[in-house]
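Student: Before I trust any of the labels on this protein, I'd like to see how each one is earned. Can we go through them together?

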Amino acid sequence: MKDLATALSAANAAVFTELGLDPKHADVRRSDRPDLGEFQANGALAVAKAAGKKPQEVAQSVAAGWTATDLAAAPTIAGPGFLNFKVTPEALAKRAQFVAEDEKAGASPVEHKRRVVVDYGGPNVAKGMHVGHLRASIIGESVKRIYRFRGDEVWGDAHFGDWGFQMGLVITALEDELGGFNDRAKLDARLKTLTLDQLEAIYPAYAAKVRDGDTDVRDRARKATAALQGGSALHREIWKAMHDVSMAAQKRDFAALGVDFDLWLGESDADPLIPDMVKDLEAKGLLEEDQGARIVRVAGPGETKKKKLDDGSVVEVESPDPLLVVSSEGSAMYGTTDLATIVQRVRDQNPDMILYVVDQRQGDHFEQVYRAAAKANYISRDKLEHVGFGTMNGADGKPFKTRAGGVLKLQDLIGQAEEKARERLKENEIGADFSKEEFEDVAHKVAIAAIKFADLSNFRGTSYVFDLDRFMSFEGKTGPYLLYQAVRIKSILRKADEQSVKPGAIAIAHESERALALALDAFDGALRAAYDKKAPHFLAEHAYSLAQAFSSFYTHCPILPSEGAVRASRLALAAATLKQLTLTLDLLGIDVPERM
C-alpha cells in the first residue's frame, strides 16, 4: 500500500488528465500550512498558462472534478490556486492498519535493486580511533542500513589506511629504537610486546620530525615504504604486527559504537592490483612523466583554476589537478591505492554504485580518483559518489579537541558519554531496581543514542557543535528522549499483555489519533528522502516527529483505561508506533533497551 501523498498524487493526476492538464504537475505533498490542509498541491499554478486560464480557475476545475472522495474530500483552494486536502478518517485508519500489520512498518522497497558498496570508517593503522572518525562511522553505518533495508545488496567496507607513508614512518621509528633490524631475537621480542598506545606515541613523534624538516627521517621512511610495497619479507612482518594490534583495537571501538562491516579491507588489500593497473594505464596512454613522477591528467579541455605563485602573480592551471600515481621514489600514492580499490571492487562486487562517506574536505581528491577511473574505463563516473560531511566542533566552533588541545580518542568520548548517561539515569530515578549489568547496558545505549542522534539529526553536509550535556537530556530533540518514548510504549504493551488486552482494528476519531496516524504515514517519505539524498537526518526528524505525536496521543487518548473497540484501536496505534519508531532508530544505528 502506497503512502497517502502518493495515493493523493495518483488521484490528482487522474483529474488533471481528465481536464487535459499535464499530470506531471499533479504531485501532492505534505502541507506547509497544516491549518489549511494536511496535504497540498501547487500544480494549478504551473499549468495555468498552458491552459489559458488563471490558476484559481484551474484549481476550481480540479476541485470540481475530484472523484476520490473515499480518500479525501474535494480539495479547498487557498491563495492564487493552492489545493489543500484533508484525508478521510477511513483512509487514514486503513493506512494506519497497514503500517501496524506490515513487516516494514509502511516502508516501500526500491523499484530497481542495486549492488552498492559503502566505504566508511577509514581509520589508519598505528593510530587509535578518535572523534575525527565519528561522523564517517555513524553516517556510513546508517546509509548502509538504509540502502539494505530498502532492498539493495550492500557491502560496508572499512577501508583501513594501512599502506602509505605512515607505515614507513613507524617502521623507521622502530628501526631507530632497536638500533637496526639485525638482531632477530630482539626484533621478535619487540613485535610481541607492541601495543597501540606505543604506536600512537611513535607515529606523531616521527611525523613531527618530518614536518620540522628532518630529511634523513623522511628519506628513510620513503625507502621503508617502498620496501614494504615492494614485498620485503622483513618489512611486511613488521607491518603485520602493527596491523594486527591496530585492527583489534579498532574492532573493539567500532563494536562499542554499534558499527559493523561486511568487508574489513584496507589499502594493503588493493596493493597486489597496482602493478597490473599501472601497466594498463600506461598501455592506454594515460600515464605521463612529470618531474620524475607519473601522473594521469583528469581535467577536461578548458577546465582551469587560478593559482597564485610565490612571486604574487596569478596564472591559470588545469583543474582538477592530475592524479599522482607513482612518486619519484617509485612508491604508490594515496590516490593510486584508491584507484586500485575501485578496480578491486569492480572485480569482486561488480557494483552499480560506490558511496564514499568521507569528510567533504576530501572532495577534490575523490574527484581526481573518480575521473581517472572513468578515463581508464574501470567504471562510469556516475557510479561513484562522495557522500561528504561537515565537522564535529567544540564550543569555540573549531573541530572538537580535548581541553588540553589534543584529539580526543573515540573510546574516551564513549566513556564520557556513558558517565553522563549514568548521571542522567540516576537524576531521573531510572534503574534503581536494575541489576548492575542491566544498568550498565542501559547507560551504554543511552550514551550511544545521545551521540548518534546528535550527529544524525543534522544534515550531514553541515558542521555542528558537540554539547554532551544538551545531547544527554531526556527532554527535547535528543536520542535519550526517543529511547524513553519507545520504552514507555513497551511498558504499556507489557501491561496490556498482563491484562490479556489485545490490539484490534484501528479507527480514527480524536484529533490526536489522527495526528499520530499521519505521523506513521510519513515514514515512507522520510525513508525515500534519506535514501535518495544519502542523508539520515530525514529519518532522525521523522523519529522525533513520531515520538512527539505519540506523546500528545498518550496525553489526550487514554489507552488501557479506555474500553472495548476504542482501547483495542489505541493499543494497535501504540504497537504500530513502537514498531516504526524502533525500526527508524535501528536504521540510525540506535538500539532501544527493554526498560528505563
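Tutor: Sure, starting with contact, which means heavy atoms within 4.5 Å. By that rule, the buried residues of α6 pack against α7 (184–192), α8, α9 and α10. Keep in mind that this is a predicted model, where local features need pLDDT of at least 70, side-chain atom pairs count only at pLDDT 80 or more, and totals for chains, interfaces and linings use all residues. Residues are numbered from 1 along each chain as its sequence is written, and side-chain values use heavy atoms, with hydrogens and water left out.

Student: What makes a stretch a helix or a strand here, and how many of each does the protein chain have?

Tutor: Both are DSSP runs, numbered from the N terminus: helices are H or I with at least four residues, strands are E with at least two. Counted that way, the protein chain has 22 helices and 15 strands.

Student: Why is Gln229 called buried?

Tutor: Buried means under 20% relative accessible area, exposed means over 50%, and partly exposed is in between (1.4 Å probe, protein chains only). Gln229 has a relative accessible area of 14%, so it is buried. This residue lies in helix α9, and it touches Trp163, Arg236, Asp271, Ser331 and Ala332, leaving aside residues up to four places away in sequence.

Student: And what is Ala226 called, buried or partly exposed?

Tutor: Ala226, also in helix α9, has a relative accessible area of 27%, so partly exposed is the right label. From Ala226 to Ala432 there are 206 residues in sequence and 59 Å in space, C-alpha to C-alpha.

Student: How do you know that α6 is mostly covered?

Tutor: Count its residues: 10 of the 14 are buried. Among them are Gln166, Met167, Val170 and Leu178. Over the whole protein chain, 52% of the 596 residues count as buried.

Student: What makes the reach of α8 close to the expected one?

Tutor: The expected span is 1.5 Å times one less than the number of residues. Helix α8 (residues 196–211) has 16 residues, and its 23 Å from first C-alpha to last is close to the expected 22 Å. For α6, the reach is 20 Å and the expected value is 20 Å.

Student: Which residues of α8 are buried, and why do we say they sit on the same side?

Tutor: The buried ones are Leu196, Leu199, Glu200, Ile202, Tyr203, Tyr206 and Ala207. They cover an arc of only 165° around the axis (taken from the directions from the helix axis to the C-beta atoms), which puts them on the same side of α8. In general, an α-helix has 3.6 residues a turn, so residues three or four places apart point the same way. The cover over the buried residues of α8 includes α6 (165–178), α9 (215–230) and α10 (233–257).

Student: What makes Glu429 worth flagging?

Tutor: Its phi is near 55°, a positive value in a residue other than glycine. Most residues other than glycine have a negative phi, and most peptide bonds are trans. Glu429 sits in the loop between α15 (410–427) and α16 (436–456), and at 72% relative accessibility it counts as exposed. Asn350 likewise has a positive phi, about 45°, without being a glycine.

Student: How do you know that the bond between Ser319 and Pro320 is cis?

Tutor: Omega is about 0° for that peptide bond. Pro320 lies in the loop between β10 (314–318) and β11 (323–326).
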